[in-house]
Amino acid sequence: MEHQFNELLPRLPGGRAFSHERRPGFSDCAPSGRMRLDAIAGWLQDIAYADVDDAGLAEAAVWVVRRTRIRVLRWPRFGERFTLTTFCSGLGRMWAERRTDVALTGVSEPVVEAVSLWVHLAPDSWRPVPLTEGEIATYGGTVTERRVSARLRHGPPPADAERGTWTFRRTECDIADHVNNAADWQPLEEGLLAGPEPAGIDVELEYRTPTQAGEKSVLSAGPWRWIASPEGDLHASLVVGGDV
């Protein structure tokens with residue numbers, strides 16, 4: 001099953017970029033000291049909110065992630081200091097694309113590159129609505145005329161996919177009252193922890209429907225994984241790329 005990952009585009013000069021420093025903590029890291037993918041995904045959520053808050057736009061909308069690609073060139077490790085830099089890399093009518101680089105503080109080259117597609121929701125109804133003039137004025141300068149689409153790109157699992165289970169806990173639910181999107185990386189992480197530590201990874205995860213706590217089906221076929229309800233409703237899918 002061929003798949004084209006979302007592009008990791010460079011930042012254009014003159015547009016808004018927001019930076020923030022972080023350090024991986026005890027709960028972010030595997031026993032080897034490397035930072036886990038679900039913790040990296042949490043960082044991406046945190047800096048996205050910090051950016052819109054810093055821009056004075058936190059009350060304008062609720063942003064929900066639709067798809068995220070994480071490319072780890074070298075794993076962040078416990079105790080290291082990193083600078084996260086995020087910027088808008090594409091706009092749509094009711095969604096936007098956000099690029100984020102994670103680099104050792106004081107070093108220009110990133111160790112992690114990520115891109116996420118976020119859907120723009122009204123804060124009262126949580127339904128998709130067009131971006132405001134203020135949001136376009138703040139973020140449009142980094143993307144010129146580049147437009148992005150929010151359509152789903154991952155296909156369904158094949159009939160012969162291998163089946164396993166995974167249980168999400170109530171403690172993984174966030175303020176939206178569903179399992180936080182960062183937790184959907186955990187089934188893949190469980191597999192990584194069972195084997196030798198990879199030098200890096202390139203993986204894209206697409207979110208379809210909110211996940212509630214409880215037991216889920218995990219279907220696998222080659223580099224693909226799907227998370228589904230026991231009834232077969234798809235919550236998320238991911239695909240692991242080739243060599244980094």
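This passage describes the strands, salt bridges, cysteines and one loop serine of a predicted model.

The sheet of the predicted model is open and is formed by 10 strands in the order β1-β3-β4-β5-β2-β7-β10-β9-β8-β6, with antiparallel pairing. At its edges lie β1 and β6, each of which pairs on one side only, and from one strand to the next the twist averages 25°. In general, the strands of a sheet pair through backbone hydrogen bonds, in either a parallel or an antiparallel manner. One of the pairings here is that of strand β3, residues 82-91, with strand β4, residues 95-104, which runs in the antiparallel sense over 9 bridges. Within this pairing, cysteine 88 has arginine 98 in β4 as its bridge partner. Helix α1 packs on the sheet, where it touches β1, β2 (62-72), β3, β4, β5 (112-121) and β7 (201-207), and the direction of the helix makes about 130° with that of β2.

Charged side chains add further links, and the count of salt bridges comes to 15. In one of them, the side chains of arginine 16 and aspartate 54 meet at a distance of 3.0 Å, taken from N to O. Because arginine 16 lies in the segment before β1 (18-22) whereas aspartate 54 belongs to helix α1 (residues 37-54), this pair ties together parts that are 38 residues apart in sequence. Arginine 16 has a relative accessible area of 23% and is therefore classed as partly exposed. A second salt bridge is formed by the side chains of arginine 22 and aspartate 46, at 3.3 Å from N to O. Here too the pair links distant parts of the chain, since arginine 22 is in strand β1 and aspartate 46 in helix α1, 24 residues apart. Both partners are partly exposed, arginine 22 with a relative accessible area of 25% and aspartate 46 with one of 39%. A further salt bridge joins the side chains of arginine 169 and glutamate 172, at 3.2 Å from N to O; with a relative accessibility of 11%, glutamate 172 counts as buried. Salt bridges that share partners also join Arg16, Asp51, Asp54 and Arg98 into one network. Arg98 thus appears in two settings, as a member of this network and as the bridge partner of cysteine 88.

As to the cysteines, a disulfide is in general a covalent bond between the sulfur atoms of two cysteines, and the count of disulfides in this model comes to 0. Cysteine 29 is buried, its relative accessible area being 12%, and cysteine 88, at 6% relative accessibility, likewise counts as buried.

Serine 149 is placed in the loop between α2 (133-139) and β6 (162-168). With a relative accessibility of 38%, serine 149 counts as partly exposed. When neighbours within four places in sequence are left aside, serine 149 is in contact with Arg67, Trp95 and Leu117. The C-alpha atom of serine 149 is separated by 9.3 Å from that of methionine 94, although the two residues are 55 residues apart along the chain. Closer along the sequence, the side chain of serine 149 reaches the backbone nitrogen of arginine 151 at 3.2 Å.

Notes
Residues numbered from 1 in each chain as written. Predicted model: local features only at pLDDT ≥ 70, side-chain atom pairs only at ≥ 80, totals over all residues. Heavy atoms only, no water. Helix = DSSP H or I, 4+ residues; strand = E, 2+ residues; numbered from the N terminus. Buried < 20%, exposed > 50% of the residue type's maximum accessible area, 1.4 Å probe, protein only. Contact = heavy atoms within 4.5 Å. Polar contact = N/O pair within 3.5 Å; in protein donor to acceptor, adjacent residues only side chain to side chain. Salt bridge = Lys/Arg side-chain N within 4 Å of Asp/Glu carboxyl O. Pairing = 2+ DSSP bridges. Axes fitted to C-alpha atoms, helices over the stretch in contact; angles between N-to-C directions. Disulfide = S-S within 2.5 Å.
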